Amino acid sequence: MCSVGTGGHSAGVARVLRRTNPNLRLIGVDTIGSTIFGQPAAARLMRGLGSSIYPRNVDYGAFAEVHWVAPAEAVWACRTLAATYYASGGWSVGAVALVAGWVARNYPRGTTVAAVFPDGPQRYFDTIYNDEYCRRHGISEIDVPEEPDTIAHPVAQVVKSWTRCPTVIDPVGDRGDSDRHVVAHCESRAG
């Protein structure tokens with residue numbers, strides 16, 4: 001699992017890891033309101049992942065699937081990670097941790113799960129770890145589902161909460177009609 005912003009670190013990490021594991025399944029983690037994987041642009045509270053532009057560093061063909069995570073879900077994961085495992089970080093860490101937990105529960109026993117946590121908590125004491133900030137933005141005290149919603153295609157609907165999609169597209173690819181925009185499609189796994 002790797003959060004995606006400009007696409008540079010996800011492409012670089014995947015390229016290096018594939019040298020020793022050519023069967024690597026890269027799962028992109030994005031925020032709701034981000035355009036990177038084909039959703040429409042919207043206001044985004046989370047920083048460090050997502051984008052309102054189409055960064056050309058994204059290696060769409062490297063991804064097996066994508067998950068979008070909402071701010072409240074990332075906050076819950078950040079705080080749970082810090083309280084349970086004494087590991088902490090920002091928006092990207094929370095979003096990636098949420099998806100990594102799901103992967104660990106749903107992939108076959110023996111699967112190695114690697115989650116890229118790109119930062120620490122220092123820049124987030126006034127946001128993610130601040131109760132007043134979270135209340136003011138309506139992102140505290142939520143029930144986070146154990147499973148994401150699943151959509152078949154990134155443009156099937158606008159996502160508002162944790163959602164996964166086994167189809168990864170390049171939303172601005174010069175490949176003709178929308179069916180040819182599909183860069184990778186993986187069979188969805190039963191829970």
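1. How much space lies in the second largest pocket? About 280 Å³. Bear in mind that this is a predicted model, and the pocket volumes below are computed from it.

2. Start with the residues around that space. The second largest pocket is lined by 14 residues. Closest to its centre are Trp 76, Thr 80, Ala 97, Gly 101 and Arg 105.

3. Next, the elements behind this lining. Two helices each give two or more residues to the second largest pocket: H2, spanning 71–85, and H3, spanning 91–106. H2 has the largest share, at six residues.

4. The chemistry of the second largest pocket is mixed by class. Its lining has nine nonpolar residues, three polar and two charged.

5. Now the largest pocket. It holds about 390 Å³ of space. Its lining is made of 20 residues. Leu 24, Arg 25, Thr 112, Val 113 and Ala 114 are the closest to the centre.

6. Which elements supply at least two residues of the lining of the largest pocket? They are helix H1 (8–20) and strand S2 (26–31). H1 gives the most, with three residues.

7. By class, the lining of the largest pocket splits into 14 nonpolar residues, four polar and two charged.

8. To recap for the bench: look to H1 and S2 when viewing the largest pocket. For the second largest pocket, look to H2 and H3.

Key. Residues numbered from 1 in each chain as written. Predicted model: local features only at pLDDT ≥ 70, side-chain atom pairs only at ≥ 80, totals over all residues. Heavy atoms only, no water. 1 Å grid on protein atoms, 1.4 Å probe; cavity = no way out; pocket = protein on both sides within 12 Å on 5 of 7 lines; lining within 4 Å. Points joined across faces, edges and corners; volume = space filled by probe spheres on them. Helix = DSSP H or I, 4+ residues; strand = E, 2+ residues; numbered from the N terminus. Nonpolar A, V, L, I, M, F, W, Y, C, P; charged D, E, K, R; others polar.
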